[in-house]
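Thank you all for coming. Before I begin, please take a moment to look over the sequence and the model on the screen, and keep both in view while I talk.

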Amino acid sequence: MYHSQNIYCLSVRAIIITITLFICESLHAESEHPGYSISPPENWVKEQALPQTRANSPTQSEQYLLIDRQFNLTNSTQKRYYRSVSKPLTTDGLTDASQIKVVYNENYETVTFHKIVLIRNNKERDILNKASPRFLQQEPESDNLIHTGLTTVLFNIPDVRKGDIIDVSYTFQGFNPVLGSKPFGTIQLSWDVSVDNLSIRLISDSALKTKLFNTSIQLKTINNKSTVEHIYTDKDTTPVQHQGDYPHGVSPYGKLQYSGYRNWAEVSSWANEVYSDINTTIAVKQISKQLSQTSKSTEDYILNSISFVQEEIRYLGLELNENTHLPRNSDDIIQTRYGDCKDKASLIYLLLKEKNIESYPALVNTQARSTIKDYLPSPGAFDHVINKIIFQDKEYWVDGTRTYQGHSLDKRGKTDYGYSLLIRSHINNLVQMYTSPPVISHIKIMESFNIESFSKPIVYEVKTEYSGSDAEHQRYRFSNKSLEKIASDYLNFYNNYYKDIQQTRNIEVYDDIRKNTFTTIEKYKIKSLLSKEGDYYKIPINITFFEDYLVKPKSNKRSLPQRLGPNVSIENSFTIIFPEEIYLNLDTSTHSINSNGYEYSYTDKYQSKKYVHTAKLDIKSNQITPNELDQYIKNRERLVDNWYFTINFKNPSAYMGYREIIKLKNRLNELKGFYND
């Protein structure tokens with residue numbers, strides 16, 4: 001939905017952006033393309049001397065001698081100067097360094113190139129004034145059905161060699177007017193590689209609000225006569241050791257946030273102004289009337305309105321110019337039957353408004369989630385719009401971009417984005433969505449081996465009941481993939497654990513949209529499940545479902561939290577029905593592991609030819625802290641032993657009188673239970 005004004009500074013080389021390009025025009029002269037020009041830097045820019053070349057880094061494809069960012073935020077045009085000086089060291093480095101790509105929006109932004117110079121043996125070669133750029137239409141988010149209309153300026157530098165120095169600088173001027181006149185943005189301060197010299201300079205009319213993340217270096221503030229400067233410098237930046245599997249809102253990279261907004265109340269004023277033109281139209285009234293005719297109650301009308309927007313308005317984001325943040329006219333949305341998150345949220349709001357149902361569009365951040373409360377206030381803090389609905393004194397959070405949801409306000413799948421900014425609510429601060437993390441799904445798996453005879457194939461049955469978000473995921477999956485393909489995927493999965501497994505019946509599917517439950521039943525035949533070892537039979541047990549949720553860390557040493565979650569409740573029962581009574585030496589007590597992130601418990605029982613292993617997992621947090629990681633790994637290793645194990649029992653035919661002994665033991669157990677009662 002949203003595109004930060006500093007989208008260009010979020011990679012180690014601001015000029016190298018990996019995207020999918022669609023060429024709209026192969027070649028233009030400089031004067032022919034709008035928003036592009038060549039001239040020296042303006043006087044406010046403090047050009048730094050070319051840094052001295054030092055010893056090459058043995059582990060990087062390019063040596064980054066200088067990254068320089070200077071932003072003049074003293075007026076509404078907002079000028080942003082970028083300079084990058086690098087030296088390719090490897091063949092891959094040559095590929096990156098030889099292509100200069102700069103992205104801008106020609107509708108409200110200009111880009112002025114100052115320099116593209118190649119230096120070899122202390123001799124400079126001017127590239128900028130001799131090469132003609134290509135201008136490309138690129139859509140980096142087209143796979144997500146988002147179209148932005150950005151333009152890429154592409155230079156291919158000829159005859160680049162290892163050890164050459166490439167010095168590039170340019171300035172952006174302009175800003176999307178829908179974002180208001182106050183400056184804000186985020187500048188990255190660290191990467192997976194080292195930078196020899198990093199320099200950041202912000203110039204503003206008055207002191208900006210600034211905040212640093214993941215760095216020990218402090219900003220230097222200089223008060224001039226009419227301006228204030230914020231300076232950040234670093235040498236030999238430490239490469240980030242990317243640990244992966246981070247929870248939402250956790251990142252190891254250093255960044256600098258700045259904002260001209262003093263508080264969330266000012267951001268709320270901006271948002272209310274942007275959404276001020278959302279008004280009921282004839283098309284909205286017509287849809288509302290149609291929905292009313294098919295609704296039996298107010299709640300039914302709410303659900304039908306949500307369903308109409310989710311299922312009848314396909315997702316498509318034409319985020320051109322002000323439409324990065326400004327919702328389209330509701331008539332246009334209904335007529336074209338497409339829209340992005342803000343379009344859908346505004347349409348849900350209008351349909352509910354027709355029945356005087358209280359609701360608000362709500363701005364959220366899908367990546368930062370709860371950590372948005374640590375951000376500086378600004379319009380750039382949000383990347384998604386949902387709805388808050390208040391009905392019968394209860395709050396419901398609804399996402400118009402979701403599909404295949406259940407037809408119940410209470411049982412619909414949920415996503416906890418942490419905090420939101422409500423529009424038209426007269427609330428001047430962020431609102432917490434849920435006081436405690438909601439359980440988004442309940443899953444119940446019932447597996448059984450029916451052993452009719454020790455010498456015959458075994459019947460294997462799996463019944464899985466999903467509710468909440470997982471029911472909606474399965475509903476989507478079974479609606480968009482053939483049953484044959486799903487059955488084939490399942491069978492290939494089971495083949496990893498059981499040889500000679502065959503499907504005996506088609507997968508049965510039961511979908512209850514009102515309760516938002518989705519149930520599947522699978523039936524198989526396994527020819528050679530039991531194996532003999534001497535006078536014993538062995539049956540392998542593979543409980544595979546929990547591993548997807550209790551993830552295995554890649555390392556036991558972390559400085560940042562390990563991702564866990566989502567918050568789900570899972571029950572698994574594994575049953576073996578034997579053809580006759582056997583003896584199993586079991587510990588029938590309940591075993592449990594309680595931690596800050598989850599609870600796990602399991603039991604084993606055997607009675608009347610039936611063995612049952614039951615287990616339950618409740619995930620309560622989306623992360624494991626570094627201090628908890630060692631214990632988490634130890635606990636997980638214990639649990640793996642309970643997910644993959646073998647049932648061993650004597651072959652009843654191998655021992656004289658074995659069956660009689662089993663009958664006697666069972667009778668004694670019955671009498672013991674009788675006298676205990």
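Let me start with a word I will need throughout: two residues are in contact when they have heavy atoms within 4.5 Å. With that in mind, take D205, which touches T74, N75, S226, T227 and V228, once residues up to four places away in sequence are left out of the count. I should say straight away that what you are looking at is a predicted model.

Where does D205 sit? It is found in the loop between β13, residues 197-204, and β14, residues 209-213. Its relative accessible area is 46%, and because the partly exposed class runs from 20% to 50%, D205 counts as partly exposed. One of its partners deserves a second look, since D205 and N75 are 130 residues apart in sequence and yet 8.0 Å apart in space, going from C-alpha to C-alpha.

That pair leads to the wider picture. The protein has 677 residues, of which 51% are buried, and its secondary structure consists of 10 helices and 38 strands. If we take the contacts with a separation of 6 or more, 75% of them are made by residues 24 or more positions apart.

Compare this with K220, which lies in strand β15, residues 220-223. K220 is exposed, with a relative accessible area of 53%, and, leaving aside its neighbours within four places in sequence, K220 is in contact with E229, H230 and I231. From K220 to Y232 the distance is 6.4 Å, C-alpha to C-alpha, with their positions 12 residues apart in sequence.

Now let us turn to the interior. How many residues does the largest nonpolar core have? It has 60, and the residues with the most contacts inside this core are F449, I539, I576, F578, Y598 and F649. Helix α9, residues 629-643, gives the most to this core, with 5 residues. As for Y598, its contacts beyond four places in sequence are with L550, L564, I593, L617, D618, I619, K620, Y632, N635 and L639. There is also a second, separate core, which has 50 residues and includes Y261, V274, A368 and Y396.

Two helices are worth following in detail, and the first is α6. Because 12 of its 13 residues are buried, α6 is largely enclosed by the rest of the structure. The buried residues include charged ones by name, such as K342, D343 and K344, alongside others such as L347, I348 and Y349. We can also check the length of α6: at 1.5 Å a residue, its 13 residues should span 18 Å, and the end C-alpha atoms are 18 Å apart, which agrees.

The second helix is α7, residues 469-480, where the same kind of check gives an expected span of 16 Å for 12 residues, against 17 Å between the end C-alpha atoms, which agrees. In α7 the buried residues are S469, D470, A471, E472, Q474, R475 and F478. What covers them? The elements that do so include the strands β26, β27, β28, β29 and β33, together with helix α8.

Helix α6 comes up again when we ask about empty space inside the model. A search of the whole structure finds 2 cavities of 30 Å³ or more, and the second largest has a volume of about 30 Å³. This second largest cavity is lined by 10 residues, and those closest to its centre are L316, L318, R328, D340 and D343. The elements that give two or more residues to this lining are β19, β20 and α6. Sorted by class, the lining has 3 nonpolar, 3 polar and 4 charged residues.

I will finish with a detail of the backbone, which concerns two aspartates in loops. D159 has a positive phi of about 55°, although it is not a glycine, and D159 lies in the loop between β10, residues 150-156, and β11, residues 165-173. D500 likewise has a positive phi of about 55° without being a glycine, and its place is in the loop between α8 and β28. Are these residues buried, exposed or partly exposed? D159 is partly exposed, with a relative accessible area of 37%, and D500 is partly exposed too, with a value of 44%.

Definitions and conventions: Residues numbered from 1 in each chain as written. Predicted model: local features only at pLDDT ≥ 70, side-chain atom pairs only at ≥ 80, totals over all residues. Heavy atoms only, no water. Helix = DSSP H or I, 4+ residues; strand = E, 2+ residues; numbered from the N terminus. Expected span 1.5 Å × (residues − 1). Buried < 20%, exposed > 50% of the residue type's maximum accessible area, 1.4 Å probe, protein only. Core = buried A, V, L, I, M, F, W, Y, C linked by side-chain atoms within 4.5 Å. 1 Å grid on protein atoms, 1.4 Å probe; cavity = no way out; pocket = protein on both sides within 12 Å on 5 of 7 lines; lining within 4 Å. Points joined across faces, edges and corners; volume = space filled by probe spheres on them.
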